[in-house]
Amino acid sequence: MKRRDFVKSSGTILCSCMTGIGLSSLISCEDNSYDSYETDQDSNNGDISISIDISLPEHSMLSEVNGTSFLSANVIDSKGLLLVRSSNATIKAFSRRCTHSSYQIVPYNSNGIANCSSSHGGSFDLNGNVVNSPPVSSLRSYETSLENNILKISK
Ligand code: FES
């Protein structure tokens with residue numbers, strides 16, 4: 001085998017191996033994630049959005065007004081998102097980053113209160129407003145749109 005042929009075939013094998021490793025990494029990352037969503041980026045303005053199917057079992061509580069759900073860390077918010085169905089046509093999305101000292105907010109409880117995971121005592125209501133201090137400002141909210149069962153969240 002000539003040197004050129006060897007380099008060419010070695011490169012092909014190396015690329016095949018790297019592709020295999022890359023794919024298995026991607027698959028294992030997805031397997032570790034509970035959340036299922038699609039990511040999109042607007043080529044005009046760079047806005048990033050994710051779309052989730054709220055008919056999935058993990059979001060079944062969003063079928064009723066004041067029902068809630070949540071997402072783990074994602075491209076929209078590194079602390080994750082709290083989701084609240086505020087009307088038949090609207091689902092709100094709030095950051096899970098506490099406005100006091102950036103600890104993660106725990107998903108809403110059955111009373112519609114989301115507590116901070118710190119031991120500071122902060123909590124928020126279904127509108128993202130402070131219920132208990134020390135936080136003084138509401139949770140960051142993100143733009144949402146709902147079409148059929150697809151919820152799009154943008155930043
Ligand atoms: S970080 Fe949430 S109450 Fe302090």
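In the predicted model, Phe 94 counts as buried because 25 C-beta neighbours fall inside 10 Å, where 20 or more are required. Phe 94 belongs to strand β5. Not counting residues up to four places away in sequence, Phe 94 touches Leu 81, Leu 82, Gly 128, Leu 139, Arg 140 and Ser 141. One of these contacts, Leu 82, is 12 residues away from Phe 94 in sequence, with a C-alpha to C-alpha separation of 5.0 Å. Leu 82 stands opposite Phe 94 in the pairing with β5. The two strands concerned, β4 and β5, are antiparallel and share 5 bridges.

On its other pairing, β5 (residues 91-95) is joined by 2 bridges to β9 (residues 141-147), again in the antiparallel sense. Within this pairing, Ala 93 has Tyr 142 of β9 as its bridge partner.

These pairings form part of an open sheet of 7 strands, arranged in the order β1-β2-β10-β9-β5-β4-β3 with antiparallel pairing. The edges are occupied by β1 (38-41) and β3, each of which pairs on one side only. On average, neighbouring strands of the sheet are turned by 25° against each other, direction ignored. Strands of a sheet pair through backbone hydrogen bonds, in either the parallel or the antiparallel sense.

From the β1 edge inward, 4 bridges connect β1 with β2 in an antiparallel arrangement, and Thr 39 stands opposite Ile 50 of β2. The hairpin of β1 and β2 has 6 residues between its strands, and in this hairpin Gly 46 adopts a positive phi near 80°. Strand β2 also pairs with β10, in the antiparallel sense and over 5 bridges; here the bridge partner of Asp 53 is Ile 150 in β10.

Strand β10 (residues 150-154) is in turn paired with β9 through 5 bridges, antiparallel once more. In this pairing, Thr 144 lies opposite Ile 153 of β10. The hairpin of β9 and β10 has 2 residues between the strands, and Asn 148 takes a positive phi near 55° there.

The largest nonpolar core comprises 24 residues, of which Leu 81, Leu 82, Leu 83, Ile 105 and Ile 153 touch the most other members. At least two residues of this core are supplied by each of β2 (48-53), β3 (68-71), β4 (81-85), β5 and β10. The largest share, 4 residues, comes from β4. In soluble globular proteins, nonpolar side chains tend to be buried together.

Among the core residues named above, Ile 105 is in contact with Leu 82, Arg 96, Cys 98, Ala 114, Cys 116, Ser 117 and Phe 124, leaving aside neighbours within four places in sequence. Leu 82 is thus listed among the contacts of both Ile 105 and Phe 94.

A further open sheet contains 3 strands in the order β6-β7-β8, with antiparallel pairing. Strands β6 (114-115) and β8 (130-132) stand at its edges; each has a single partner strand, so one side of each is left without a neighbour in the sheet. Strand β6 is paired with β7 (residues 123-124) in the antiparallel sense through 2 bridges, and Asn 115 faces Ser 123 of β7 as its opposite residue. Ala 114 and Phe 124, both listed as contacts of Ile 105, fall within β6 and β7 respectively.

For the protein overall, the secondary structure amounts to 1 helix and 10 strands, and along the sequence the pattern reads α-β-β-β-β-β-β-β-β-β-β. Of the 155 residues, 24% are buried. Among contacts with a separation of 6 or more, 36% involve residues 24 or more positions apart.

Confidence in the prediction varies along the chain. The average pLDDT of the protein is 82, and 78% of the residues score at least 70. Across residues 1-33 the pLDDT is below 50, and this stretch has 1 contact in the model beyond near neighbours in sequence.

Key. Residues are numbered from 1 along each chain as its sequence is written. Two strands pair if DSSP finds at least two bridges between them. A nonpolar core is a set of buried Ala, Val, Leu, Ile, Met, Phe, Trp, Tyr and Cys residues joined through C-beta atoms within 7 Å. A residue is buried if 20 or more other C-beta atoms lie within 10 Å of its own, exposed if 12 or fewer, and partly exposed in between; C-beta atoms are placed from the backbone. Two residues are in contact if their C-beta atoms, placed from the backbone, lie within 7 Å. Axes are lines fitted to C-alpha atoms, for helices over the stretch in contact, and angles run from 0 to 180 degrees between N-to-C directions. pLDDT is the predictor's confidence in each residue, from 0 to 100.
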